[in-house]
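Visitor: I am new to this structure and should be grateful for a close look at one part of it. Would you please begin with how far the model can be trusted, and then turn to that part?

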Amino acid sequence: MRTQRQVVDYSLQKRAVLRDLLAGRIGTYDVCDASPYLKNAARFHGEPTDQRCPICRSENLIHVHYIYGDELKQSAGQARTRAELPVLAMTLREFQVFVVEVCPGCDWNHLVEQFLLGRDGLAGGTEDAAEQETASGPTPRRRREAQR
């Protein structure tokens, strides 16, 4: 997605959690605690991946994309498919996306990344071009159309 910016990757945090799990400092029940809402979002809105679950190693992980932003109003906090994100990015100025990985088998879940999307990230976006046009006056073609 070309408007994606301010990406935060949580892979180091994930490795630390897995290291603590393997060292016995935390238990499996502490990390395999996906809520029923998250599991339903993974089932209906998730994107399957080729990555195996780091806990049970029997299921592939599913990525769920949650969206948040002021312009979303009632839709804030909803899970969306990856295909819906570019459409939203062209219609909204700015919103945050949180990507959570979920294992449907053992309920492992972890925040993978977070990023911003929206028209504000476009260089020379549609609003900027419209403002530049009004500041410089009508284009020559428009002048010719006005004279007719």
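**Confidence, a helix and its surroundings**

Guide: Over residues 125-148 of this predicted model, pLDDT stays under 50, and the model has five contacts beyond four places in sequence for that stretch. Where pLDDT is low, the predicted coordinates should not be read in detail. Across the protein, pLDDT averages 84, and 79% of the residues score at least 70.

The part to examine closely is helix α3, which spans residues 36-45. Its buried residues include Leu38, Ala41 and Ala42. These lie on the same side of α3, because they cover an arc of only 100° around the axis. The other side of the helix carries Pro36, Tyr37, Arg43 and Phe44, which are exposed. Among the elements that cover the buried residues of α3 are the strands β3 (60-68), β4 (79-80), β5 (95-102) and β6 (109-117).

Two of these covering strands lead on to salt bridges, of which the model has five. In one of them, the side chains of Lys14 and Glu101 meet at 2.8 Å, N to O. Lys14 belongs to helix α1 (residues 11-23) and Glu101 to strand β5, so the pair ties together parts that are 87 residues apart in sequence. Glu101 is buried, its relative accessible area being 2%. Another salt bridge joins Arg80 and Glu84, with 3.9 Å between the closest N and O atoms. Here Arg80 is buried at a relative accessible area of 15%, whereas Glu84 is partly exposed at 30%.

Technical notes: Residues are numbered from 1 along each chain as its sequence is written. This is a predicted model: local features need pLDDT of at least 70, side-chain atom pairs count only at pLDDT 80 or more; totals for chains, interfaces and linings use all residues. Side-chain values use heavy atoms; hydrogens and water are left out. Buried means under 20% relative accessible area, exposed over 50%, partly exposed in between (1.4 Å probe, protein chains only). Helices (H or I, at least four residues) and strands (E, at least two) are DSSP runs, numbered from the N terminus. The arc is that of the directions from the helix axis to the C-beta atoms. Contact means heavy atoms within 4.5 Å. pLDDT is the predictor's confidence in each residue, from 0 to 100. A salt bridge is a side-chain nitrogen of Lys or Arg within 4 Å of a carboxyl oxygen of Asp or Glu.
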